Amino acid sequence: MAELTRRGVLTLGAALGLAGATQTSTAWSWSGSQSVLGPAAAALGGGSTVDPQWVWDDQIDAIMASVIQNGQVPAVNAAILPWVDNSDPLPTGLPPELASFLQGAVALPAWADRAKLRRAADFNRRKDTYLFMIYGIGGGIMSTVIPREAKSVYWSKGGADMQDRAAKTFSFGYDLSDINAFEPNGQFLVTSNKTRMVHSAVRHFLPQSPYWKAVADETIPISNHDILVTFHSTGTFAHKKLKEWGVPMSAADQDAFLHSWQVALHMLGVRDEYIPATWDAAHAQSAQILTPKLTWTPEGQELAEVLLGLTAQVDLGVTRGFLNEFVRYQLGDQIGDWLGLRRDPVSKATIRNGWPLYIKFREGLLPIAPVSFYIFDQLLRAIAMAFLNRGQSGLTTPITIPDMNRPGV
């Protein structure tokens with residue numbers, strides 16, 4: 001059994017392009033000198049050597065704990081509902097400490113480069129089709145085999161209504177990828193702060209859940225480590241897949257794309273000394289904290305079925321078999337087997353032969369659309385309709401602070 005487990009892990013490592021992956025946990029060894037702070041990380045007095053799994057978001061955590069304990073969650077949710085655009089004034093009616101915190105938290109970090117952020121927005125616009133597929137199918141399903149994330153999602157309030165939870169998660173990615181993400185008429189600076197408040201509330205509630213405590217290997221969820229893991233399952237994974245698929249990207253585009261994620265991590269409360277400065281640094285960090293941790297859990301299995309079911313229920317001619325095979329195409333057969341995704345040889349052949357041609361056509365490298373063009377476009381539409389605002393019209397999915405855990409089942 002041990003040999004079979006080891007083989008499975010090595011197969012997964014190979015599938016994700018990281019040789020020698022193991023399930024054993026290693027001590028944090030990623031150097032803060034590889035972060036956006038660079039050599040300045042040394043001035044932190046060794047802070048960059050502290051394992052981020054023991055770092056949370058102390059200031060907002062204390063504030064949100066007070067909000068919850070004082071019964072102010074409904075009032076805060078009502079106050080932040082109309083707060084949508086980056087240029088919107090801070091909501092009135094917030095507790096003073098929360099208002100004071102948000103006043104500073106909505107500002108970009110001093111090292112943010114607006115020119116790079118604008119270039120990233122244009123890059124996202126040009127590559128949105130591929131990013132949509134990577135985030136929606138690849139990163140979305142990968143999250144279900146990240147044990148800590150799967151357990152935290154499942155046992156929090158959002159896990160009881162995965163379509164609503166998926167819409168809110170999708171909204172975060174949508175707002176980050178929007179052409180105006182960091183501009184006054186964009187929404188990401190607001191969305192990221194709402195998400196940060198939600199994370200804080202979950203950190204307060206989940207340790208009170210006997211169901212989560214029974215399966216968790218951490219005492220407080222959503223540490224800086226956990227947020228970085230999620231980044232690697234989306235942003236770093238996207239960078240890897242775009243390169244694997246031969247999508248044309250200039251060095252400046254890749255740098256700008258990373259910069260948008262660097263700013264996003266900062267806005268979510270990740271300390272700057274943990275935020276990778278280069279893609280090489282990001283992939284090195286991912287190899288240490290993401291790939292070795294991927295495995296099956298019963299919570300993740302159920303979440304994967306729900307997420308795949310959301311897309312499959314949108315009848316646009318996209319079969320579940322095709323969806324299963326696209327998951328396997330992105331994540332490999334090891335994860336597909338863990339999740340029990342039934343194979344579909346015809347869909348597999350269509351994807352493996354048609355997706356490279358689809359990319360070439362969209363990049364202007366092929367004069368005639370491939371015969372499979374329509375089904376890939378339909379899959380794209382199905383993901384959007386299933387996840388974005390619960391399939392309803394409009395581009396804004398309200399993000400609200402939870403007031404409880406998932407009830408016991």
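Good morning. Of the 409 residues in the protein chain, 56% count as buried, where buried means under 20% relative accessible area, exposed means over 50%, and partly exposed lies in between (1.4 Å probe, protein chains only). This is a predicted model, in which local features need pLDDT of at least 70 and side-chain atom pairs count only at pLDDT 80 or more, while totals for chains, interfaces and linings use all residues. Residues are numbered from 1 along each chain as its sequence is written, and side-chain values use heavy atoms, with hydrogens and water left out.

I begin with the overall architecture. The protein chain contains 18 helices and 0 strands; these elements are DSSP runs, numbered from the N terminus, with helices being H or I of at least four residues and strands being E of at least two. If we take contacts between residues at least 6 apart in sequence, 76% of them join residues at least 24 apart, a contact being heavy atoms within 4.5 Å.

Let me turn to the packing of one pair of helices. Helix α6, residues 128–142, packs with α11 at an angle of about 125°, and their axes are 9 Å apart. The axes here are lines fitted to C-alpha atoms, for helices over the stretch in contact, and the angles run from 0 to 180 degrees between N-to-C directions. The pair α6 and α11 is therefore oblique, given that angles under 35 degrees count as roughly parallel, over 145 as roughly antiparallel, 65 to 115 as roughly perpendicular, and the rest as oblique. The crossing of α6 and α11 is right-handed, which is to say that the near helix is turned clockwise from the far one by less than a right angle; anticlockwise would be left-handed.

Which residues form this contact? On the α6 side they are Tyr 130, Leu 131, Ile 134, Tyr 135, Gly 138, Gly 139 and Met 142, and on the α11 side Ser 233, Thr 234, Gly 235, Phe 237, Ala 238, Lys 241 and Leu 242. By class, the residues of the contact divide into 8 nonpolar, 5 polar and 1 charged. In this scheme Ala, Val, Leu, Ile, Met, Phe, Trp, Tyr, Cys and Pro are nonpolar, Asp, Glu, Lys and Arg are charged, and the others, Gly among them, are polar.

Lys 241 leads us to the salt bridges. Side chains of opposite charge can pair when their charged atoms come close. The criterion applied is a side-chain nitrogen of Lys or Arg within 4 Å of a carboxyl oxygen of Asp or Glu, and by this rule there are 22 salt bridges.

Lys 241 pairs with Glu 244 in a salt bridge of 2.9 Å, N to O. Because the two residues are 3 apart in helix α11, they are separated by about one helical turn. Lys 241 is buried at 4% relative accessibility, whereas Glu 244 is partly exposed at 45%.

Other pairs connect distant parts of the chain. Arg 126 forms a salt bridge with Asp 253, with 3.1 Å between the closest N and O atoms. Arg 126 belongs to helix α5 (residues 114–126) and Asp 253 to helix α12 (residues 251–267), so that the pair links distant parts of the chain, 127 residues apart. Is each partner buried or partly exposed? Asp 253 is buried, with a relative accessible area of 5%, and Arg 126 is partly exposed, at 33%. Through shared partners, salt bridges join Arg 119, Asp 122, Arg 125, Arg 126 and Asp 253 into one network.

A further pair is Glu 218 with Arg 148, whose closest N and O atoms are 3.5 Å apart. Glu 218 sits in the loop between α10 (210–215) and α11 (224–244), and Arg 148 in helix α7 (residues 147–155), 70 residues away along the chain. Glu 218 is buried at 12%, and Arg 148 is buried at 19%.

I close with three individual positions. Lys 127 is placed in the loop between α5 and α6 and is buried, with a relative accessible area of 4%. Not counting residues up to four places away in sequence, Lys 127 touches Val 247, Pro 248 and Glu 363.

Val 247, in turn, is found in the loop between α11 and α12, and is buried at 5% relative accessibility. Leaving aside neighbours within four places in sequence, Val 247 is in contact with Lys 127, Tyr 130, Leu 242, Ile 359 and Glu 363. From Val 247 to Pro 356 the C-alpha to C-alpha distance is 9.5 Å, with their positions 109 residues apart in sequence.

Finally, Pro 74 lies in helix α3, residues 73–80, and counts as exposed at 59% relative accessibility. Pro 74 and Asp 403 are 329 residues apart in sequence and 8.3 Å apart in space, C-alpha to C-alpha. Thank you.
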